[in-house]
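Work through the exercises below with the structure open. Try each task before reading its solution.

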Amino acid sequence: MSSFYNNSSTALLCTDSEQVPPPQLKDINPSIWIISTLTILANTLLITILLTNRRLFKQRQNIYMVSLATTDLLVGFNCFFNAFRTQAAVMFTDMATRKIVCLFIISLGVVLITTSIFHLLVLALERCYLIKHPFKFQLMKSNKRSAYRNILFCWLLALVPASPVLTGWDKRTDTNTDCWTICPFPYDSEQWVWFTSITSLLIPSLSILGAYIIILCDLWTSKKTETIAIKKNQDDNQREKRVTIIIGIITLAFLLCLWPFMVYYMVFQYRTDQNEKLLKTIHPIVVTLIFSNSLINPILYISLSKDIRTIIYNTITCQKGP
């Protein structure tokens, strides 16, 4: 089994200079350009609509969606820069700068993916709380500060899985990265891989699944839909059901995009000579899939939300909204 890094005994001394060919657009997967551009446009559109419409932004789930869309917007930019991270030697002649750029881009990618799944976990838990305690949820829903606190907590907590990149758990060195002229993802850093897998992928995924199992079981056994909202208000009842379904669909799409990468992420370090070629062939597919989710999220929310579709239609047709 070969290492993901350069373990050659003839590796460069980092005091040496190396001529690295400039990056060529043809060397970068065109799908990355397309996904990155569309992701930025779609999330910018969603954020603009939610922030400029006071009625929509007052809805608790839309506060979370603005933050989630911001995360996806940053993924769009990071997706673009991630395509160039292995060619940073062209832009930076100093090894220390190349190393900082490499660590920053990879760490940012981990933080953004983790932040997304934490947002969806909080939304799932709140939907579950709605099912179990509908009256208490109505009181919590009016408290927007708690939503902002949850969002801040998601962003801060997402820094934890990325922190081992800056510690001794990262097996990449000046030597096996050719003085950081290459910037591989630390798949061979076993401790770091398992720490991030458990904290940012496995535990949140299983928690989300558990929350939605509870929701589905409660809805299945409930004879009256009033049990999921305020009994005196049928409109609120139906709206909360729609919100739960929309968030559930977005969460399902996220997990379907995440799980292939999660499995690949954990098994790559145990590759053999027989399956290494296959795994490296699969790599661009699972990476593209996880980046694509940041485009899928706003498309799904815009498509499934009647209010947002109406705003877009009125804007295109130059009609005034209600």
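This is a predicted model.

**Exercise 1. The turn in H9**

Task: How far apart, in helical turns, are Phe261 and Tyr265 in helix H9?

Solution.
- Step 1. Place both residues: Phe261 and Tyr265 sit in helix H9, four residues apart.
- Step 2. Convert to turns. Four residues in H9 put about one helical turn between Phe261 and Tyr265.

**Exercise 2. Aromatic pairs**

Task: Find the aromatic pairs in the whole structure and classify each one.

Solution.
- Step 1. Count. The search of the whole structure returns two aromatic pairs.
- Step 2. Take Trp192 and Tyr265. Their ring centres are 6.1 Å apart and their planes meet at 85 degrees, so this pair is edge-to-face. The cut-off for that class is over 60 degrees.
- Step 3. Locate this pair. Trp192 belongs to helix H8 (residues 190-221) and Tyr265 to helix H9 (residues 234-267). The two residues are 73 apart, so the pair links distant parts of the chain.
- Step 4. Check burial. Trp192 has 1% relative accessibility and counts as buried. Tyr265, at 3%, is buried as well.
- Step 5. Take Phe261 and Tyr265. The centre-to-centre distance is 5.6 Å and the planes differ by 15 degrees, which makes the pair stacked. Phe261 and Tyr265 are both buried.
- Step 6. Join the pairs. Trp192, Phe261 and Tyr265 make up one aromatic cluster.

**Exercise 3. The second largest pocket**

Task: What is the volume of the second largest pocket, and which helix gives the most to its lining?

Solution.
- Step 1. Volume. The second largest pocket holds about 290 Å³ of space.
- Step 2. Lining. It is lined by 18 residues, and those closest to its centre are Tyr212, Ile215, Leu216, Thr244 and Gly248.
- Step 3. Helices. H8 and H9 each supply at least two lining residues. H9 gives the most, with nine.
- Step 4. Chemistry. The lining of this pocket divides into 13 nonpolar, three polar and two charged residues.

**Exercise 4. Salt bridges**

Task: How many salt bridges does a search of the whole structure find? For the bridges of Asp307, Glu126 and Asp218, give the partner and the N to O distance.

Solution.
- Step 1. Count. The search finds four salt bridges. Three are worked through here, including that of Asp307.
- Step 2. Asp307 pairs with Arg55, with the closest N and O atoms 3.6 Å apart. Asp307 lies in helix H11 (residues 306-316) and Arg55 in helix H2 (residues 54-57). These partners are 252 residues apart. Asp307 is partly exposed at 29% relative accessibility. Arg55 is partly exposed at 47%.
- Step 3. Glu126 pairs with Arg60, with the closest N and O atoms 2.9 Å apart. Glu126 is in helix H4 (residues 95-132) and Arg60 in helix H3 (residues 60-82). The separation is 66 residues. Glu126 is buried at 8% relative accessibility, and Arg60 is buried at 2%.
- Step 4. Asp218 pairs with Lys132, with the closest N and O atoms 3.4 Å apart. Asp218 lies in H8 and Lys132 in H4, so the bridge ties together parts 86 residues apart in sequence.
- Step 5. Compare burial in this last bridge. Asp218, at 17% relative accessibility, counts as buried. Lys132, at 47%, is partly exposed. The cut-off for buried is under 20%.

Notes
Residues are numbered from 1 along each chain as its sequence is written. This is a predicted model: local features need pLDDT of at least 70, side-chain atom pairs count only at pLDDT 80 or more; totals for chains, interfaces and linings use all residues. Side-chain values use heavy atoms; hydrogens and water are left out. Rings of Phe, Tyr and Trp (its six-membered ring) pair if their centres lie within 6.5 Å; planes under 30 degrees apart count as stacked, over 60 as edge-to-face and the rest as tilted. Buried means under 20% relative accessible area, exposed over 50%, partly exposed in between (1.4 Å probe, protein chains only). On a 1 Å grid over the protein atoms alone, a cavity is a set of points where a 1.4 Å probe fits but cannot get out, and a pocket is an open set with protein on both sides within 12 Å along at least five of seven lines; lining residues have an atom within 4 Å of a point. Grid points are joined across faces, edges and corners, and a volume is the space filled by probe spheres set on the points. Ala, Val, Leu, Ile, Met, Phe, Trp, Tyr, Cys and Pro count as nonpolar, Asp, Glu, Lys and Arg as charged, and the others, Gly among them, as polar. A salt bridge is a side-chain nitrogen of Lys or Arg within 4 Å of a carboxyl oxygen of Asp or Glu.
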